[in-house]
Amino acid sequence: PFPTPPSPDAIDAATKTLEALGAVDRTTAKITPLGEGMASFPVSPRFARMLVLANQHHCLRYVISMVASFAAESLFLPAPSSSSSTDDPNDTEGGGEVMDEKEKRKRNQAKSKHALALRRWQHPCSDLLGRMKVVAAYLWEMKNKKNKSKQKNKSKKTIGGRARAFEQNNFLRPKSMKEVVAVVRQLERIMENLADQKISDQTTIASIKKELSMPPPPPPSLKQEKILRQIITAGLMDRVARKTSFGEIIAPGDGDEVGGEGGRGAYELVRGGVAYIHPSSSLFPPDRQPQYVAFFEIVETSRRYMKAVTAIEPRWLTIVGSDLCTDSAPLEQPMPVYDPKKDAIFCFVRTTFGPRRWELPHRKLPYPSEKKTEIVRHFARLLLSGKIVKALGEFCPYLSIRPASLVNPILPRKAKRFLSTLTKGEGVKTLSQLLELWQKDPKFLLDEYLELVQWQKQDRLKSMWPPVTQRRV
């Protein structure tokens, strides 16, 4: 009479999934604002995160179609069998062989049409987008068949006929498509009936209702497809795999995942273990296998195979999966840079992803605010280089020191006074702060700068100081 409680391992796995999706805080184990928004959707957490992000980028209809496609395991009918059902062992008239050849030709034609239909709906970068395309096109066909979409008296028979024709032409399972459409309608109704509440910083129920009230969208653009792949990545953060090199040893995973040798299409899973792209995937051909993929599920046969695979870019992991990323201290190379739009010093860090510490491309982040001295030093270096105030670039060839020497442990004597002036108090770390000081004292930093400039350019520097009177936009 009572349900069996989940095992501790199952609870631990579910908690890790919610943490990876950003729904639960790793430190406090409390639900996050994103998790509260995800809880408003009566679907699995992975799909809930996709739906939250989808509305922010006006891709809700596409993601609903993709989520609903998983209501059925397979959308397509199996390929026609190559065996003939017309062989009659009692046929002594010689006609059986003729009928058998006709049947074979007919079956071969049907197999070719079936293979063509499968290729028609494949997406070169994502199996999930392929499923989404099928469902979206099916819904579009039902509502927008040429000029009939604006007819007021649509009969169910007409719509049903269109649906059957679309199913037959594309070898779709009628029962599966009926289930998928029912889930689409259910998701739309549930979202429309949700109370007016805030789902996330950029998503409200009002905006969801507005998008659902619009006509069915056309096929997604290339830009929308890229956004959809990023949304898929966000929902499958703990189901990411990295292609391995030949001979690389892959460690076993935390659970029942087994290790193995890299190469020959082998991928290392984010939590350890080895798997391969399933032969049914559009990404299975060797020339299509990307370096990083996200997958929906693992199936066990003679090998561990990833199904419903999507090609992803490693830099997306640092954007949508920052909770699973670990950053190093600011790197010396590449050197920090100045961002004029944000008026701040940015550094580059080495980033690793997941418990296996996969190396990701360096990413640019604001320099840690607690490292005041380092920020001021780099601000001074960039100021002398003409990267912050363009007019000062004229004097760079006439400097008596190299700007890069300002970040060395041992400073040149002439640079100490220049750097000391910028470090006083809270330190000058932005152009805005420098402009305020020049507004109060137009001669601020002039003497210190003159000490670093060769004599033939000193008069020129005095005549134009301060080098800016207002912030450049």
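This is a short tour of one helix, one aspartate and a pair of cysteines in a predicted model.

Okay, let's start with helix H3. It covers residues 45-56, so to speak a run of twelve, and it reaches 17 Å from its first C-alpha to its last. That is close to the 16 Å expected at 1.5 Å a residue. Now, is H3 mostly enclosed or mostly open? Ten of its twelve residues are buried, so the rest of the structure largely encloses H3. Among those buried residues you'll find Arg46 and Arg49, along with Phe47, Met50 and Leu51. Asn55 is on the buried list too. After the helix comes His58, and its phi is positive, near 55°.

Next up, Asp339. You'll find Asp339 in strand S11, which spans residues 337-339. Buried or exposed? Asp339 is buried, with a relative accessible area of 15%. What does Asp339 touch, leaving out residues up to four places away in sequence? The answer is Ala344, Phe346 and Lys364. The Asp339 side chain also reaches the backbone nitrogen of Lys341, at 3.0 Å. And if you look further along the chain, Ile388 is 49 residues away from Asp339, yet their C-alpha atoms are separated by 8.7 Å.

Last bit: the cysteines. How many disulfides does the structure hold? Zero. As for where two of the cysteines sit, Cys325 is buried at 13% relative accessible area. Cys347 counts as buried as well, with 1% relative accessibility.

That's my tour, thanks everyone.

Key. Residues are numbered from 1 along each chain as its sequence is written. This is a predicted model: local features need pLDDT of at least 70, side-chain atom pairs count only at pLDDT 80 or more; totals for chains, interfaces and linings use all residues. Side-chain values use heavy atoms; hydrogens and water are left out. A disulfide is a pair of cysteine sulfur atoms within 2.5 Å. Buried means under 20% relative accessible area, exposed over 50%, partly exposed in between (1.4 Å probe, protein chains only). Helices (H or I, at least four residues) and strands (E, at least two) are DSSP runs, numbered from the N terminus. The expected span of a helix is 1.5 Å times one less than its number of residues. Contact means heavy atoms within 4.5 Å. A polar contact is a pair of N or O atoms within 3.5 Å; within protein, one must be able to donate a hydrogen and the other to accept it, and residues adjacent in sequence count only if both atoms are side-chain atoms.
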